[in-house]
Amino acid sequence: MPRIGRVIDTKGYVHLIERGISQQIIFEDEQDYQYYLKLLRKYSDELDIKINAYCLMDNHVHLLVYYEDKSVSLFMKKIGISYSNYYNKKYSRTGHLFQDRFKSEQVFNDRYYLTVLRYILNNPVKAGISSISEYRWSSYHLSQKQNEFVDASLAIQLCGGFEKYYHFLESVNDDECMEYNSRPHDDTWARNVMLSTLEISSGNDLKLYDKIARDSALRKLNECGLSYNQISRLTGLGKSIVQRACQ
């Protein structure tokens, strides 16, 4: 697995979160967790997505993945549709299961890669559910197993071996990463995200893009957590234009 360089449009490491709509429970029993993991394995193999870490909580999912060829959106779409169909049929419900679009956070360097990985695997601890080693629905125990779809080799390499890797994961930390229910981000944060993600000097630069490139950039900003209103304010584009691009 390659060490982390700067993430570009066609490949990179990314932290993904998918949450149940209105914080709905999406895993009711053991079979549900197992079915989601089956889909995770299936579509990661099909789309050549490398799963570095995962944690399935009762109403949301965290993933750390490496992708190429812009396949991550298709990966999340396939899992979302397949799991929603399974869940709705099993529990006799209709309508959307997941909240809006999935959230994504690009990972640009080795240090933050380890921060995100530890944050993901410590979700059960932060939620007061169990210790990191006792939680069944994360990739914590898969790093030393052969023929598994989770590849923790980069993290183990960066930590300096298995022993130091597990010590790092279980050490006391105050890691903070992207989350759904964090307080709303202000425009200063949004502007910094926009400038670092799109590498432009001003949001007004998007007005010079052709429609395809502009809409792609708008979707990227929305996936990074910027609201429609924030994007509209910072780019000078109408809110309706932003909404159409992101839907």
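**Helix packing in a predicted model**

Hi everyone, let me start with a pair of helices: α8 packs against helix α10, residues 239-246, at an angle of about 85 degrees, and their axes are 8 Å apart. Keep in mind throughout that this is a predicted model. Roughly perpendicular here covers 65 to 115 degrees, so α8 and α10 count as roughly perpendicular to each other. Which residues make that contact? From α8 we have Arg214, Asp215, Leu218, Arg219 and Asn222, and they meet Ile241, Val242, Ala245 and Cys246 of α10. Sorted by class, the contact of α8 with α10 has five nonpolar residues, one polar and three charged.

Let me stay with Ile241 for a moment, which lies in helix α10. Is Ile241 buried, exposed or partly exposed? Its relative accessibility is 24%, and the partly exposed class lies between 20% and 50%, so Ile241 counts as partly exposed. If we leave aside the neighbours within four places in sequence, Ile241 is in contact with Arg214 and Leu218. Both of those partners appear in the α8 list I just read out. For a sense of scale, Ile241 and Leu16 are separated by 225 residues in sequence and by 25 Å in space, C-alpha to C-alpha.

Now turn α8 around in your viewer and look at its other helix partner on my list, α7. The axes of α7 and α8 come within 10 Å, crossing at roughly 130 degrees. That angle falls outside the parallel, antiparallel and perpendicular ranges, so α7 and α8 are described as oblique to each other. Their crossing is right-handed. On the α7 side we find Met194, Thr197 and Leu198, which meet Ala217, Lys220 and Leu221 in α8. The contact of α7 with α8 divides into four nonpolar residues, one polar and one charged.

What follows α7? Glu199 sits in the loop between α7, residues 187-198, and α8, residues 211-223. Glu199 has a positive phi, near 55 degrees, and is a residue other than glycine. Exposed means over 50% relative accessible area, so Glu199, at 55%, counts as exposed.

Between α8 and α10 in the numbering comes helix α9, residues 228-235. Which residues of α9 are buried? They are Gln230, Ile231, Ser232, Leu234 and Thr235. And what covers them? The cover includes α7, α8 and α10, the helices we have just been through. After α9 comes Gly236, with a positive phi near 80 degrees.

Let's move to the other end of the chain, where there is another helix pair to look at. Helix α1, residues 30-47, and helix α2, residues 72-90, have axes that come within 10 Å and cross at roughly 150 degrees. Anything over 145 degrees counts as roughly antiparallel, and therefore α1 and α2 are roughly antiparallel to each other. α1 passes α2 in a right-handed crossing. The α1 side of the contact consists of Gln31, Asp32, Tyr35, Tyr36, Leu39, Leu40, Tyr43, Ser44, Glu46 and Leu47, while α2 brings Leu74, Phe75, Lys78, Ile79, Ser82, Tyr83, Tyr86, Tyr87 and Lys90. By class, that contact of α1 with α2 has 12 nonpolar, three polar and four charged residues. One general reminder for reading such lists: an α-helix has 3.6 residues a turn, so residues three or four places apart point the same way.

Just beyond α2 there is another backbone detail. Ser92 is in the loop between α2 and β4, residues 103-107. Ser92 is not a glycine, yet its phi is positive, about 50 degrees. With 70% relative accessibility, Ser92 counts as exposed.

Next, a strand residue: Leu63, found in strand β3, residues 60-68. Is Leu63 buried or exposed? At 0% relative accessibility, Leu63 counts as buried. Apart from neighbours within four places in sequence, Leu63 is in contact with Val14, His15, Leu16, Leu40, Ala53, Tyr54, Phe75, Met76 and Ile120. Among them, Leu40 and Phe75 also take part in the α1 and α2 contact. Leu63 and Ser44 are 19 residues apart in sequence and 12 Å apart in space, C-alpha to C-alpha.

Last stop, the cysteines. How many disulfides are there? The count comes to zero. Cys55 counts as buried, at 0% relative accessibility, and Cys159, at 16%, counts as buried too. Thanks for listening, and do have a look around the model yourselves!

Notes
Residues are numbered from 1 along each chain as its sequence is written. This is a predicted model: local features need pLDDT of at least 70, side-chain atom pairs count only at pLDDT 80 or more; totals for chains, interfaces and linings use all residues. Side-chain values use heavy atoms; hydrogens and water are left out. A disulfide is a pair of cysteine sulfur atoms within 2.5 Å. Buried means under 20% relative accessible area, exposed over 50%, partly exposed in between (1.4 Å probe, protein chains only). Axes are lines fitted to C-alpha atoms, for helices over the stretch in contact, and angles run from 0 to 180 degrees between N-to-C directions. Helices (H or I, at least four residues) and strands (E, at least two) are DSSP runs, numbered from the N terminus. Angles under 35 degrees count as roughly parallel, over 145 as roughly antiparallel, 65 to 115 as roughly perpendicular and the rest as oblique. A crossing is left-handed if the near helix is turned anticlockwise from the far one by less than a right angle, and right-handed if clockwise. Contact means heavy atoms within 4.5 Å. Ala, Val, Leu, Ile, Met, Phe, Trp, Tyr, Cys and Pro count as nonpolar, Asp, Glu, Lys and Arg as charged, and the others, Gly among them, as polar.
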